[in-house]
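Please open the model in your viewer and keep the sequence panel beside it, since each stop on this tour begins with a selection.

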Amino acid sequence: MRLLGVEVRRLLARRMLLAAALAGVAAVVLITLGIWSSTRPLTQTQLDAAERAYQAEVERWEADGDEMLADCEEAEAAERDLTGDDVDFGCDQMEPQRQWFFPERPAFGDVAADVLATSSVLLLVLVLVVGVSATAAEISTGALGTWLTFVPQRLRVLASKLASAGVVALPLVAGLLVLLLAGLWVAHAVNGAAGGTDAEAWRDIAGTALRILALGALAGVVGAALGVLLRHTAAALGLLVGWALVVESIVAGLVPALQPWLLRTSVAAWVQDGTTYWTTECTVTADGTSCQGVEHHVSLTHGSLWLLALTVVLVLLTGAVFRRRDVV
Amino acid sequence: MPADVAVETRALRKTYSSLKGRQVAVVGLDLDVPTGGVHGFLGPNGSGKTTTIRMLLGLIRPDSGSMSLFGHEVPKRLPEVIGRVGAIVESPKLFPAFSGRRNLVLLADAIGAPRSRVDEVLDETGLTDRAGDRYSSYSLGMKQRLAIAATLLKSPDLLIFDEPTNGLDPAGIHEIRRTMRRLADEGRTVLVSSHILAEVEQVADTVSIIGRGRLLASGTVADVIGDRTAAVRVGVAEPERAAAALHAAGLQVRPDGAHLLVEGEPAAARITYLLAQQGLWVHELTPVRAGLESVFLELTRADTLGAPDGASPSAPDGASPQPHAPAPPAAPSPPGPDDGTTPSRRTRGGAR
Ligand SMILES: Nc1ncnc2c1ncn2[C@@H]1O[C@H](COP(=O)(O)OP(=O)(O)O)[C@@H](O)[C@H]1O
Ligand SMILES: [Mg+2]
């Protein structure tokens, strides 16, 4: 416990943490600006243009609507005959509607949880970098060797270093989440769209934020373990980028069945309280091959248990390596 | 195990394995460092000093052999004894971006030493004024001092300094020497490694000399030097003819610049007599005290030239019968061309 305290104080004093916090604040500001500009009320010119477009479409519908409807229904019937399925071309929804031209502006309460979830990837990357550099820098400067001449118990040292990275991630992530929420609220409020905040929306927001916080702590531990294992910040970050590119995109594209086991799926399931992914399933019939997308659900439990299991394996591996490693 | 032994190693062996292959660094080393005083741990670059020190500190694990610090088996019981041992391995390495004080505070907290100790050791090493500056802004001498301050946080009974004067200016070297002497006078044991003999000769009470991972000689400085014969430096007009004459008379002669060096405790009178017989007139005749330097050179050179020396019974090592590259020359002065005076390999007590 004493060592954990020392390590936490060390990490809090590192410039890397400050740099990460500043980068996080910059990102939050950019996200907030983006949200602000997308929730701005339409200007009079935009309103006029939208009105004109709507009127033009109404005129066209009045002129050709019947014919278009007939065409549509005919095509629908033909398709039904062909496939035997009860296909719906949505012909009865072809009449132009006003709201198509005057986009609805989402209110704060409707989008806040989603924005947090989307931004979480950025926070996790920041925490990973902080964790990786916390241990890798110490190894490459040789300071770890000196440290071990004061505390030679390798596993105690390792445990304190990994845990401290997780602990330090908490204020970093929490601070940035609060800042982001505040920014979002202000952006919406300025644009008169601060509503939508019923109890359920708040529950959603709070739940998402807490889950991101917990995942942040886990990412800190993972980063620190990777730093110990690979000894160089660049190597560990390279591995993460390589993993994201190769496994999470290319391999996953080739073998869609892997999707529930991808980090991004599990992270999404963790942050969003369950997520979905799609596979294409094809059946061969007499008429040929017909494929359709199938939606699958990945639960919060699945995602979180999988990520925890991976973390445990990584930490055990790091312990096994570090316990016996020659520190030169 | 006797309590008056600070460091003891037996049949210590370490092989580094890396992508480039295996490198035997320490081969059956038996090292004994008595408590109290300064003990010089001497050997040319690459002879295994740092490797040995790292093993003693639990930083790397030996392949085989045993070690103890104050009778505690290492690395198994290192946690019990580490509080009595302060060490600086190779160069001082602390957190570069933190101030000197913060570095010390973190270390003090890690071992549960009171914060007041930080101010004490800063004061003791004369760093109080610069304690708030970043460690990376320190000169090498100050880094060295801060690292010593760090080891003093523990009030150690044994201090291990690995080539502490590397890269320091003469004033810094002097200061380190004084510090080591002071620490030893306070009753602590100081183990200092070096490849520069002159440096340690002045401050060490006892020495161990290693070469290629093996112990070559050890004992008090007087012992190790005392076994060695002194030499006489002869200035003479025709050194070649003179050398031949002296050699014929059974003396060991080798050129030393424009002079000759006659080894083997020769009587000066005999030299003048022998040369006078040849009509050679001596214009200079200086007795040369055998310094640790020459002993060291002799030992390590003999070792480099050494015939296959089956020193490590544990290591038939068929894969790499010659694991070491020849050790680099240990000192700037190159030995002269070998004129038949191949130094014989001597070990402790081997005086003729
Ligand atoms: N990390 C390492 N990996 C491989 N070989 C090493 C390593 N450290 C030292 N060596 C080799 O081990 C031998 C002893 O090195 P070292 O203990 O550093 O000698 P010294 O401190 O006496 O100069 C040398 O041949 C050196 O090249
Ligand atoms: Mg060395």
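Which residues are around ligand 1? Select ligand 1 together with every residue that has a heavy atom within 4 Å of it, and the selection should return Tyr16(B), Gln23(B), Ala25(B), Pro44(B), Asn45(B), Gly46(B), Ser47(B), Gly48(B), Lys49(B), Thr50(B) and Thr51(B).

Before going further, note that this is a predicted model, in which local features need pLDDT of at least 70 and side-chain atom pairs count only at pLDDT 80 or more, whereas totals for chains, interfaces and linings use all residues. Residues are numbered from 1 along each chain as its sequence is written, chains are lettered from A and ligands numbered from 1 in the order in which they are written, and side-chain values use heavy atoms, with hydrogens and water left out.

**Stop 1: the shell of ligand 1**

Colour the shell by residue class, counting Ala, Val, Leu, Ile, Met, Phe, Trp, Tyr, Cys and Pro as nonpolar, Asp, Glu, Lys and Arg as charged, and the others, Gly among them, as polar; the shell then shows 3 nonpolar, 7 polar and 1 charged residues.

Next, display the polar contacts, that is, pairs of N or O atoms within 3.5 Å. An oxygen atom of ligand 1 lies 2.6 Å from an N or O atom in the side chain of Thr50(B), while a polar backbone atom of Gly48(B) is 3.0 Å from an oxygen atom of the ligand, and a backbone N or O atom of Ser47(B) is 3.2 Å from a ligand oxygen. Of the 560 Å² of accessible area that ligand 1 has on its own, the protein covers 71%, with areas taken from the Shrake-Rupley method and a 1.4 Å probe.

Now switch to a cartoon, where helices (H or I, at least four residues) and strands (E, at least two) are DSSP runs numbered from the N terminus. The elements that give two or more residues to the shell are β2 (21–34) and α1 (49–56) of chain B, and α1(B) supplies the largest share, 3 residues.

**Stop 2: Thr52(B)**

Stay in helix α1 of chain B and pick Thr52(B). A polar atom of the Thr52(B) side chain lies 2.7 Å from the backbone oxygen of Gly48(B). Thr52(B) is buried, with a relative accessible area of 0%, where buried means under 20%, exposed over 50% and partly exposed in between (1.4 Å probe, protein chains only).

**Stop 3: the disulfides of chain A**

Move to the cysteines and search for sulfur pairs within 2.5 Å, the cut-off for a disulfide; the structure holds 2 over all chains. In one of them, the sulfur atoms of Cys72(A) and Cys91(A) are 1.9 Å apart, and the torsion about the S-S bond is about -80°, so this disulfide is left-handed. Cys72(A) lies in helix α3 (residues 44–83) and Cys91(A) in the loop between α3 and α4 (98–101), so the pair ties together parts that are 19 residues apart in sequence. Both cysteines of this pair, Cys72(A) and Cys91(A), are buried.

Then select Cys282(A) and Cys291(A), whose sulfur atoms are also bonded, 1.9 Å apart, in a right-handed link with 105° about the S-S bond. Cys282(A) is partly exposed at 44% relative accessible area, and Cys291(A) counts as partly exposed at 44%.

**Stop 4: the domains**

Finally, colour by domain, with bounds from an automatic or database domain assignment. Chain A is divided into domain 1 (2–41 + 108–252 + 306–324) and domain 2 (48–101), whose centres over C-alpha atoms are 49 Å apart.

Notes. A polar contact is a pair of N or O atoms within 3.5 Å; within protein, one must be able to donate a hydrogen and the other to accept it, and residues adjacent in sequence count only if both atoms are side-chain atoms.
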